Each structure stands twice: as C-alpha cells, then as structure tokens.
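Pull up the model and keep the sequence beside it. We'll take a walk through it, stopping at the spots listed below.

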Amino acid sequence: MSTGNNVFLGIDAGTQSLKLLAYDAGQKEILHVCAAPLELISRDDGSREQIAEWWLDALRQCMSELPAEIKARVRGIGVSGQQHGFVPLNKAGEVIAPVKLWCDTSTIAECEEITQRFGGVERCIDAVGNPIMPGYTAPKVLWLKKHKPEAYAELAHILLPHDYLNFHLTGKIFTEYGDASGTGYLNILRREYDRDMLAAIDPDLDLLPLLPPLLEADATVPLGEQARQAFDLPAGVKVSTGGGDNMMAAFGTGSTKPGVLTLSLGTSGTVFAHSDKPAIDPHGDLAAFCSSSGGWLPLLCTMNCTVATELTRQSLGKSIAECEQLLEASTAGANGLINLPFYNGERIPNLPHARASLHGMTDTNMTPANLYRAAMEGATYTLRRGLDAFDRAGQQFTAIRLTGGGAKSPHWRQMIADVFNLPVEIPAQQEGAAFGAAMQALWACEGQADDLPALIGEHLAVDETMGCVPIAENVATYATLYQQFQDLLGKQYPEIQ
C-alpha cells in the first residue's frame with residue numbers, strides 16, 4: 001500500500017446529523033471525525049422529511065473542517081446514507097420535493113394499495129422478498145403521485161439519500177444492491193428491479209427508466225471535477241458505491257461473514273447479520289435485504305430505540321450521566337413497569353398507528369429510575385424479537401457487536417448481553433456506518449473483491465475494555481421479563497399474532 005495517498009473518507013448522512021470520518025489505512029488510525037446537525041420536519045400525519053440541500057450544507061461544513069494535510073492524502077470516499085428515503089429529481093438533476101425519510105409513516109394507504117395490486121402480502125414476500133412497509137421507498141413514490149402531482153409530472157430520477165450524495169460527488173447517477181433492496185421494488189432473489197412491482201406502484205407510467213443503474217459492490221466512480229475543486233481534494237480520488245447506513249455498519253462491525261450479529265443502537269434500532277444466501281422470513285419480521293458486499297443482509301429494524309431513552313431522559317430533565325446513575329438505582333424489570341416504546345408508531349412489529357404506553361404503574365414504581373429503565377428495557381425487548389426471527393431462519397451467533405450512540409452506555413451494554421444471552425463486543429472504531437463507508441472505499445480501491453473478511457479483520461479492532469458477558473442470574477430474570485413483554489404486546493396489539 002502506498003505511503004502517500006492512503007486516506008479514505010467515510011460520509012454518513014443519518015437522521016440527526018451528517019458525519020465525516022478520515023481513516024489512514026497505512027497507520028490503521030482514524031485521523032479526524034466531525035459532524036453537522038440535521039433538522040427533521042415532523043407532522044401529525046406521520047410525515048418525517050428533510051430537505052436534500054441540508055445534507056449538502058452539512059457535507060460542506062464537515063469538509064471545510066477537514067485539515068488540508070489530510071485532504072491532500074485522500075484516495076477514496078465512501079458514502080453511507082439513511083435507508084429508504086425518496087429523493088425525486090427532474091431532468092435537470094434538481095430536487096423537486098422534500099425527502100420523505102425511513103421513519104415516515106404517512107404512506108399506510110399507499111402500502112395497502114400497492115400490496116393489493118400486487119396480489120397480497122404473501123405474494124410480495126414470495127416474489128420480491130419483502131412486504132411493502134410504510135418506511136420503504138415504493139409507497140413514497142405513489143404518495144408523491146397522489147399528493148404532489150405537479151412534482152410527479154416532472155419526475156425523472158428516483159434516488160435514495162446515499163445515491164443523491166454520490167450524484168453530488170461524481171455527477172453520475174447510480175446505486176448498488178444493498179440500499180436498493182430497501183426500496184420494495186428490487187427483487188432480492190434475482191437481484192434486479194421487479195417490473196411487476198413497479199407496475200403495482202404506478203400502472204400508468206413505466207418507472208424502470210427512472211431508476212438508477214445498479215453497480216457491483218466493489219465498483220468505483222471518479223470524483224467529479226466540480227466536487228474535487230469545491231472540496232480541495234487531489235486528482236484521482238475514487239468514490240465507492242457506498243450503501244445504506246446498515247449495510248455500511250456491516251463493514252464497520254465485521255458483519256461481512258456469517259456468524260457475526262450486529263446491533264445498532266441509534267434513533268432506530270437494527271439487528272442484522274451477513275448471509276451467503278437470501279434469508280426470507282415468512283413472518284415478514286426480518287427484512288430480506290442484499291448486502292453492499294455481494295451477499296445478503298437479513299435485518300430487523302425498530303423505529304424507537306434511542307428515541308425511547310432520549311424522550312424519557314428529556315422529560316425527566318436529567319443528563320446522560322445522571323440517567324446512568326438512575327440505572328444503578330433500579331433493578332431488572334423496573335419494579336413491574338413496562339414501556340411499549342412506540343412513540344413514532346413502529347415498523348417491526350408493523351404497527352404504524354401505535355403509540356407508546358406505560359403498563360403496570362403503581363404508587364411506588366413511578367420513579368425516575370424505573371421510568372428510565374423501563375424505556376431502555378422496552379427498546380431492548382423490541383430488538384430482542386430480531387433474535388427470535390434469526391432463530392427461525394436457522395442462524396446462530398456467538399457474540400453481538402454493538403454500534404451506535406446507545407453503545408456508549410455500560411448499563412445498556414450489560415442489559416443487551418443479559419437479554420440476548422450473548423457476549424457483547426464493542427468495535428474500537430465506534431462510528432460504525434462512517435467507518436464502514438471508509439472500509440468499503442478502501443476495499444474497492446484496493447481491488448480485494450475476493451478477500452473482504454480478511455481486509456476487515458486487518459483493520460477492525462475490538463475494544464476489550466468495553467465488552468461484557470451475560471450474568472447468569474440476570475439472563476434467567478430477563479427471560480421471564482421478555483416473555484411478559486411479549487405477552488403484553490400480543491394482548492395490546494392482537495393483529496401482530
């Protein structure tokens with residue numbers, strides 16, 4: 001490897017912020033990390049939107065903070081983006097409507113309409129691998145047609161958030177199989193756009209020409225001259241295909257080979273693992289996604305992970321450190337208090353209309369410590385359902401790799417070890433998606449298509465001081481508590497049984 005230009009940038013455009021990470025592949029060292037906050041437009045109908053230009057403003061801010069000596073050594077760039085968002089462009093490449101995000105639940109009617117036209121939920125799962133869910137891109141396209149017909153008349157390109165950032169960087173429109181498999185209109189078995197599903201979205205317009213071409217996972221595209229000059233980067237920089245944030249987190253946590261379970265504790269919570277073959281869950285809980293490394297990435301996503309803990313923390317008026325102390329003052333089960341943490345509705349289980357609720361309240365257990373623990377336990381139990389789904393798919397694991405902001409909490413790490421009954425490992429590089437995007441850029445630029453696990457093993461380190469193992473007594477307690485949560489969930493929402 002060259003000792004000159006060996007810096008790889010990872011860009012991660014999430015819901016709350018855009019992050020930029022610079023990784024020196026020669027020294028195996030993260031040189032720089034910065035972030036710019038992003039706003040979120042929320043409406044009572046379930047709409048969750050952002051303006052695409054906000055991402056570009058955030059990227060410009062982060063690039064302006066990157067030291068010139070690091071910029072001069074950049075060799076490759078990888079982009080991670082929040083999945084499922086719909087960025088509509090006209091023929092001039094201009095964004096013609098706000099971007100509906102993964103957490104948008106305003107498209108329930110469109111999901112039902114598409115599913116009915118396609119032949120029902122079971123046919124969706126059998127034919128393309130997934131049911132049509134409110135978070136996916138497919139219903140957002142139909143929503144635009146129905147609610148913003150003037151914009152739809154201009155529609156020339158249907159992009160995902162990471163596709164749009166790649167378009168800004170390269171001037172080219174393209175995508176890859178991992179992020180595309182979260183749209184609802186990619187057949188994950190044949191790894192191609194499904195014409196029947198596209199016709200179910202819009203029977204009157206052939207959507208196929210509006211979709212970006214699919215590139216292989218290890219492909220690269222040259223950085224555009226306009227972006228190169230704007231960001232003061234050297235000539236010859238390559239941009240990898242990138243992927244959705246979960247696909248890039250798989251690179252950043254080592255879930256690029258079977259047996260490694262990754263759990264991401266962010267705004268959303270996700271549980272995912274690499275698979276060498278398609279993993280179709282007949283229950284529909286596991287999203288049957290492709291990976292951004294040439295395989296598949298079955299995944300369960302919840303919409304209320306750190307949402308639950310942060311809303312509770314803010315309502316209590318406590319700092320994060322104070323909430324960690326509250327966990328010390330409470331015990332497993334929060335003295336009978338159970339939180340169903342569906343503040344934004346929920347994706348899995350599929351409850352877009354659900355609202356959060358507290359159960360088992362008494363005159364003695366309504367303490368700040370129990371309230372905070374119950375929020376954390378509720379978020380953890382909804383993710384634990386993902387392990388059940390992986391069990392149904394026949395996948396077994398020896399450890400969990402944690403990433404995301406919630407992984408910084410030692411109490412949450414131990415809770416996950418106990419609830420999942422698996423050792424918890426913490427990658428030393430905690431910016432999982434941004435680091436993973438840099439890893440994909442390194443992989444693509446190095447041309448090591450056949451040896452990705454070895455490359456990841458060379459660069460990914462585990463922080464031995466932050467890991468933890470299950471405590472037998474807690475495991476037994478939480479097995480009972482988890483079943484109580486499942487029983488309550490079934491009684492509250494019998495439609496998910």
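**A walk from one salt bridge outward**

Let's start with Glu 425, which is partly exposed at 27% relative accessibility. Bear in mind that this is a predicted model. Glu 425 pairs up with Arg 401 in a salt bridge, and their closest N and O atoms sit 2.6 Å apart. Arg 401 belongs to strand E22 (residues 400–403) and Glu 425 to strand E23 (residues 424–425), so this bridge ties together parts that are 24 residues apart in sequence. The arginine end, Arg 401, counts as buried, with 15% relative accessibility.

Arg 401 also takes us into the core, as one of the residues in contact with Leu 261. Set aside the neighbours of Leu 261 within four places in sequence, and its contacts also include Val 271, Phe 272, Leu 387, Phe 390, Phe 397 and Leu 422. Which residues touch the most other members of the largest nonpolar core? Out of its 81 residues, they are Leu 261, Leu 263, Leu 402 and Ile 416. There is a second core too, separate from that one, with 40 residues, among them Ala 58, Ile 77, Val 87 and Leu 159.

Back to the charges. The structure has 23 salt bridges. One of them joins Arg 73 to Asp 24, with 2.8 Å between the closest N and O atoms. These two come from distant parts of the chain, 49 residues apart: Arg 73 is in the loop between helix H2 (68–71) and strand E6 (74–81), while Asp 24 is in strand E2 (residues 17–24). Are the two partners buried or exposed? Arg 73 is partly exposed, at a relative accessible area of 24%, whereas Asp 24 is buried, at 4%. Another bridge runs between Glu 53 and Arg 60, where the closest N and O atoms are 3.1 Å apart. Here Glu 53 is partly exposed at 34% relative accessibility, and Arg 60 is partly exposed at 35%.

Now for some helix packing. The axes of helix H11 (residues 245–253) and helix H16 (residues 432–446) come within 6 Å of each other, crossing at roughly 75°. That makes H11 roughly perpendicular to H16. On the H11 side, look for Asp 245, Met 248, Ala 249, Phe 251 and Gly 252; the H16 residues they meet include Phe 435, Met 439, Gln 440 and Trp 443. Sort the residues of this contact by class and you get eight nonpolar, four polar and one charged.

Compare that with helix H3 (residues 108–118) and helix H5 (residues 137–147), which pack at about 110° with axes 9 Å apart. H3 is therefore roughly perpendicular to H5. Glu 110, Cys 111, Glu 113, Ile 114 and Arg 117 are the H3 residues here, and they meet H5 residues including Pro 139, Leu 142, Trp 143 and Lys 146. This contact of H3 with H5 splits into six nonpolar, one polar and four charged residues.

Helix H14 (residues 368–392) is worth a stop for Ala 379, which is buried with a relative accessible area of just 1%. Beyond residues up to four places away in sequence, Ala 379 touches Asn 304, Cys 305, Ala 308, Pro 341 and Trp 412. Thr 306 is 73 residues from Ala 379 in sequence, yet their C-alpha atoms are 7.7 Å apart in space. Helix H7 (residues 161–170) is mostly covered too, with nine of its 10 residues buried. Among the buried ones are His 162, Asp 163, Tyr 164 and Phe 167. Right after H7 comes Gly 171, with a positive phi near 80°.

Finish with a few backbone oddities. His 84 isn't a glycine, but its phi is positive, near 75°. This histidine lies in the loop between E6 and strand E7 (87–89), and His 84 is buried at 2% relative accessibility. Asp 232 is another non-glycine residue with a positive phi, near 55°. You'll find Asp 232 in the loop between helix H10 (225–231) and strand E15 (238–240), and at 54% relative accessibility it counts as exposed. Last stop: Ile 348 and Pro 349 are joined by a cis peptide bond, with omega about 0°. Pro 349 sits in the loop between strand E20 (338–340) and strand E21 (357–359).

Conventions: Residues are numbered from 1 along each chain as its sequence is written. This is a predicted model: local features need pLDDT of at least 70, side-chain atom pairs count only at pLDDT 80 or more; totals for chains, interfaces and linings use all residues. Side-chain values use heavy atoms; hydrogens and water are left out. Axes are lines fitted to C-alpha atoms, for helices over the stretch in contact, and angles run from 0 to 180 degrees between N-to-C directions. Helices (H or I, at least four residues) and strands (E, at least two) are DSSP runs, numbered from the N terminus. Angles under 35 degrees count as roughly parallel, over 145 as roughly antiparallel, 65 to 115 as roughly perpendicular and the rest as oblique. Contact means heavy atoms within 4.5 Å. Ala, Val, Leu, Ile, Met, Phe, Trp, Tyr, Cys and Pro count as nonpolar, Asp, Glu, Lys and Arg as charged, and the others, Gly among them, as polar. A nonpolar core is a set of buried Ala, Val, Leu, Ile, Met, Phe, Trp, Tyr and Cys residues joined through side-chain atoms within 4.5 Å. Buried means under 20% relative accessible area, exposed over 50%, partly exposed in between (1.4 Å probe, protein chains only). A salt bridge is a side-chain nitrogen of Lys or Arg within 4 Å of a carboxyl oxygen of Asp or Glu.
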